[in-house]
Amino acid sequence: MSISRELINLTDDTHPIHIHLDPFQVLARRPIGWEIPDDGIGDLDLSARITLGRDPDDELDHVIDANERGLKDTVRVNPHEIVEIAVRFHAYSGRYMYHCHILEHEDRDMMRPFVTMPPELMPFMA
């Protein structure tokens, strides 16, 4: 199963994001602007309005570097950027993990699980 996913960075920090078990390919980098509405921050969630386009203070190129053209297991997600990746999950179905490779961020729970499998099996993941 091959899927395309987007990693969105709303912070002022660069995050090296690692995805466990299967390599991926970087498809695109795009600069973004964002706004958090008044009711956008909850106890367990965050809502933001994201717009494609460069912020006037953004000096980054937002291009795929030559060393990012092959299969990867970690990708740099720059500040105010969306990175689109393509992953072919062929070894396993089920729960995967992704996280920031900055140790202090891992210690502050900057890691999240996600599930990938054929749609007909999703009811069994509850």
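Which residues is arginine 29 in contact with, leaving aside its neighbours within four places in sequence? In this predicted model, the contacts of arginine 29 are with His62, Val63, Ile64, Glu68, Val75, Arg76, Val77, Asn78, Glu81, Ile82 and Val83. The setting of these contacts is described below, beginning with the chain as a whole.

The protein chain contains one helix and eight strands. Read along the sequence, these elements follow the pattern β-β-β-β-β-β-β-α-β. The C-alpha atoms fill a box of roughly 45 × 40 × 30 Å, taken along the principal axes. Of the 126 residues in the protein chain, 33% are buried. The accessible surface comes to about 8400 Å², and 52% of this surface belongs to carbon and sulfur atoms. Among contacts with a separation of 6 or more, 70% are accounted for by residues 24 or more positions apart.

Arginine 29 lies in strand 3, which covers residues 24–35. The relative accessibility of arginine 29 is 6%, and the residue therefore counts as buried. Two polar partners of the arginine 29 side chain can be named. The side chain reaches the backbone oxygen of arginine 76 at 2.8 Å, and a polar contact of 2.6 Å joins it to the side chain of glutamate 81. Both arginine 76 and glutamate 81 are included in the contacts of arginine 29 given above.

Arginine 76 also forms a salt bridge with glutamate 68, the closest N and O atoms being 3.7 Å apart. The two partners differ in exposure: arginine 76 is partly exposed, with a relative accessible area of 31%, whereas glutamate 68 is buried, at 5%. Salt bridges that share partners join Arg29, Asp65, Glu68, Arg76 and Glu81 into one network.

A search of the whole structure finds seven salt bridges. Side chains of opposite charge can pair when their charged atoms come close. One of the salt bridges links glutamate 84 and arginine 30, with the closest N and O atoms 3.1 Å apart. Glutamate 84 lies in strand 6 and arginine 30 in strand 3, so this pair ties together parts that are 54 residues apart in sequence. Glutamate 84 is buried, with a relative accessible area of 17%, while arginine 30 is partly exposed, at 29%. Another salt bridge joins aspartate 58 and arginine 54, where the closest N and O atoms are 3.7 Å apart. Here aspartate 58 counts as buried, at 14% relative accessibility, and arginine 54 as partly exposed, at 43%.

Arginine 76 belongs to strand 5, which spans residues 74–77 and has side chains that alternate along its length. Val75 and Val77 point to one face and are buried. Thr74 and Arg76 point to the other face and are not buried. Strand 5 pairs with strand 2 (residues 15–19) in the antiparallel sense, over four bridges. Within this pairing, valine 77 of strand 5 is the bridge partner of histidine 15.

Two histidines have positive phi values. Histidine 62 has a phi of about 55 degrees, although it is not a glycine. Its place is in the loop between strand 4 (49–52) and strand 5. With a relative accessible area of 8%, histidine 62 is buried. Histidine 62 is also one of the contacts of arginine 29. Histidine 80 has a phi near 55 degrees and is likewise a residue other than glycine. The loop that holds histidine 80 runs between strand 5 and strand 6 (81–88). At 21% relative accessibility, histidine 80 counts as partly exposed, because buried means under 20% relative accessible area.

Aspartate 61 lies in the loop between strand 4 and strand 5. At 60% relative accessibility, aspartate 61 counts as exposed. Aspartate 61 and proline 31 are 30 residues apart in sequence, while their C-alpha atoms are 8.5 Å apart in space.

On the surface, Ile8, Trp34, Ile36, Ile41, Leu46 and Ile50 make a nonpolar patch of about 530 Å². Isoleucine 8, one of these residues, is found in strand 1 (residues 2–9). The relative accessibility of isoleucine 8 is 42%, and the residue counts as partly exposed.

Definitions and conventions:
Residues are numbered from 1 along each chain as its sequence is written. This is a predicted model: local features need pLDDT of at least 70, side-chain atom pairs count only at pLDDT 80 or more; totals for chains, interfaces and linings use all residues. Side-chain values use heavy atoms; hydrogens and water are left out. Buried means under 20% relative accessible area, exposed over 50%, partly exposed in between (1.4 Å probe, protein chains only). Two strands pair if DSSP finds at least two bridges between them. Patches are made of residues with over 30% relative accessible area and no salt bridge: like charges are joined within 9 Å, nonpolar side chains (Val, Leu, Ile, Met, Phe, Trp, Tyr) within 5 Å. Accessible areas come from the Shrake-Rupley method with a 1.4 Å probe; for residues, only the protein chains shown count as cover. A salt bridge is a side-chain nitrogen of Lys or Arg within 4 Å of a carboxyl oxygen of Asp or Glu. Contact means heavy atoms within 4.5 Å. A polar contact is a pair of N or O atoms within 3.5 Å; within protein, one must be able to donate a hydrogen and the other to accept it, and residues adjacent in sequence count only if both atoms are side-chain atoms.
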